[in-house]
Each structure stands twice: as structure tokens, then as C-alpha cells.
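This report describes selected features of one structure: a helix pair, individual residues and the surroundings of a ligand.

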Amino acid sequence: MIEFQHVFKSYGQGRNILADITFRVAAGEFVYVAGPSGAGKSTLLKLIGGLEAPSRGSIQVNGQRLEQLSARARPYLRRSVGVILQDTHLLYDRSAIENVLLPLTVTGLPNDVARARARAALDKVGLNNKENTPPIELSGGEQQRLAIARAIVNRPAILIADEPTASLDKDTARRIMSVFKDFNRVGVTTLIASHDDDLMAEYATRAFKIEPGKFADSANRRPAHTEPVQHAESGHIEPHIGGASR
Ligand SMILES: Nc1ncnc2c1ncn2[C@@H]1O[C@H](COP(=O)(O)OP(=O)(O)OP(=O)(O)O)[C@@H](O)[C@H]1O
């Protein structure tokens, strides 16, 4: 379960990228995060993954309040949330299986158990015959699947992916999406940021649309509202982004 309550996010002294965002995503949902470039889709996903901290408000992920998490507890959260960023951060001088083994190094699993798990992850994304291949020799779609294998090797309850089908052709994009759907079918809560409305409509059961000044949640019957909010401390007026929680 993911719960945002009145979450604000700005970088440094800058403007609010996200302002007063409230929603609840139940276990097993498949959410499409839409919105124009720069609207804050990646920021939203990074907040869920604990890669960024909210400036204000409360975020709960799998029962943990992220704003209260100590630096020591953060890696445990990262294990329950599989993250696939826009830049996949694959290590090009290592083999595919070595990339998938990386998140397991902190778990203290014996080598043979870790290898078996990494193989199972590669198998699930259809890369079982590429375990010794370095990512540089993989196609764009295969590299995305490798990033997914690395994200799911710790068996996370939540999977978040930032534009995983960007720069892929339609068929390859569909194959990637069906990999996500397979994980979602077995209960993994999935959130994907994308610009491809048509493709995402085929897979997602709910959509968040982020735009400057607006946050719309397709699960809400009433449309999200935008109204000015007066900040007592600064007198500054900015858009209020509201979305009733489910
Ligand atoms: N680390 C950062 N420091 C300062 N500003 C940032 C940082 N990360 C993001 N931003 C700013 O926050 C805004 C939202 O960025 P974000 O990457 O979340 O948007 P996005 O909707 O994912 O865009 P895209 O579709 O282009 O990936 C942008 O104006 C961006 O410049």
C-alpha cells in the first residue's frame, strides 16, 4: 500500500514541483503516471522509492512512514520497492547476471542461492540465455528487461518504472509492458510513468495525471480541483493541487 497525504516537493528553495498531493494506492493496483515533460512524474516515483524526501507531508509505503525512516532503514525500503529509472544505470563492464546479482550483495545470501535467484529473475524476463552477455551487447528492449530483472530480484511488493518503453518500437514496448503485467498479476503493485497514453490504457487500471497546478486521479469520481492557497509565512500564492484520497 502507498499513501500520500498532503505531500509537497520542491528542490532547494525552488518552486513546488508537487503540491498538496493526496492519494492511496492499494496492493496489486497498476497505475499509469501521465503528464507533460517536467510535470513531476519522476519526482513522484522517486518519492515512493525513497530516493527523494518530501519537503512536507506524509508518505507511507508498505506501512512505513518514509519521512521518519532513518538512513539505516532506507536500504530495507529499497528492497521492498523495485525501481527502474529512466537511465537504467546498468553496469556495462559486467555480465547480465552480475548486474542482477548486485542488489543481492547486501542481503548476505550464500553465493549459490543468490545466483539461483538472479537466474530465476532473468528467466522471468526472458533473458535466461543471456546471463553472460554484457548489457552493451543487448538490444534496447533487452536492456530494459535486464533492468526489470535487477529491480525484481529482491521480490519487491512494489515496482516503479520511469518511462520504461521510451525509445522502443511498439512491439518491443508491448513485450516490456507484458513483463510488468505478469508481475502485477501475481500481486506486485505497479506504477509506470510514460508519455504513451494508448499503450498504457491497455495495461493500467488507474491513471494519475500530473500537470502544473493539477493532480488528477482517475479513481476519483470528482475531478481534482485547483485553487489558490495562501501561505501565511510568505504571503506567496501558488496553485493548490488536490486529489481526494480513495
Ligand atoms: N534534483 C533536482 N534538482 C532540481 N530540480 C529538479 C531535480 N529533479 C527534477 N527537478 C525539476 O523538477 C521538475 C520535475 O522533474 P521530473 O523529472 O519529475 O519531471 P517529469 O514529469 O518526470 O519529466 P519527463 O517527462 O521529462 O521525464 C523539473 O522542472 C525538473 O527540472
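In this predicted model, helix α5 (residues 140-152) and helix α6 (residues 170-185) have axes that come within 10 Å and cross at roughly 15 degrees. Angles under 35 degrees count as roughly parallel, so α5 is roughly parallel to α6. The crossing of α5 past α6 is right-handed. On the α5 side, the residues that meet α6 are Gly141, Gln144, Arg145, Ile148 and Ile152. Their counterparts in α6 are Thr172, Arg175, Ile176, Val179 and Phe183. By residue class, the contact of α5 with α6 divides into five nonpolar, three polar and two charged residues.

Gln144, one of the α5 residues in this contact, is buried because it has 27 C-beta neighbours inside 10 Å and the cut-off for burial is 20 or more. Apart from neighbours within four places in sequence, Gln144 is in contact with Thr88, Pro164, Leu168 and Ile176. Of these, Ile176 also belongs to the α6 side of the helix contact. Ala116 is 28 residues from Gln144 along the chain, and the C-alpha atoms of the two are separated by 21 Å.

Two residues have an unusual backbone angle. Most residues other than glycine have a negative phi. Asp20 is not a glycine, yet its phi is positive, at about 55 degrees. Glu163 is likewise a non-glycine residue with a positive phi, in this case about 45 degrees. Asp20 lies in strand β2 (residues 16-25), whereas Glu163 lies in the loop between β7 (158-162) and α6. Asp20 is buried, with 20 other C-beta atoms within 10 Å. Glu163 also counts as buried, with 20 C-beta neighbours inside 10 Å.

The table lists the burial values and locations of the residues discussed so far.

| Residue | Location | C-beta neighbours within 10 Å |
|---|---|---|
| Asp20 | strand β2 | 20 C-beta atoms |
| Gln144 | helix α5 | 27 C-beta atoms |
| Glu163 | loop between β7 and α6 | 20 C-beta atoms |

Which residues are around the ligand? They are Tyr11, Ile17, Gly35, Ser37, Gly38, Ala39, Gly40, Lys41, Ser42, Thr43 and Ala193. Helix α1 (residues 41-48) supplies the largest share of this shell, three residues. By class, the shell divides into four nonpolar residues, six polar residues and one charged residue.

Conventions
Residues are numbered from 1 along each chain as its sequence is written. This is a predicted model: local features need pLDDT of at least 70, side-chain atom pairs count only at pLDDT 80 or more; totals for chains, interfaces and linings use all residues. A residue is near a molecule or strand if its C-beta atom, placed from the backbone, lies within 6 Å of it. Helices (H or I, at least four residues) and strands (E, at least two) are DSSP runs, numbered from the N terminus. Ala, Val, Leu, Ile, Met, Phe, Trp, Tyr, Cys and Pro count as nonpolar, Asp, Glu, Lys and Arg as charged, and the others, Gly among them, as polar. Axes are lines fitted to C-alpha atoms, for helices over the stretch in contact, and angles run from 0 to 180 degrees between N-to-C directions. Angles under 35 degrees count as roughly parallel, over 145 as roughly antiparallel, 65 to 115 as roughly perpendicular and the rest as oblique. A crossing is left-handed if the near helix is turned anticlockwise from the far one by less than a right angle, and right-handed if clockwise. Two residues are in contact if their C-beta atoms, placed from the backbone, lie within 7 Å. A residue is buried if 20 or more other C-beta atoms lie within 10 Å of its own, exposed if 12 or fewer, and partly exposed in between; C-beta atoms are placed from the backbone.
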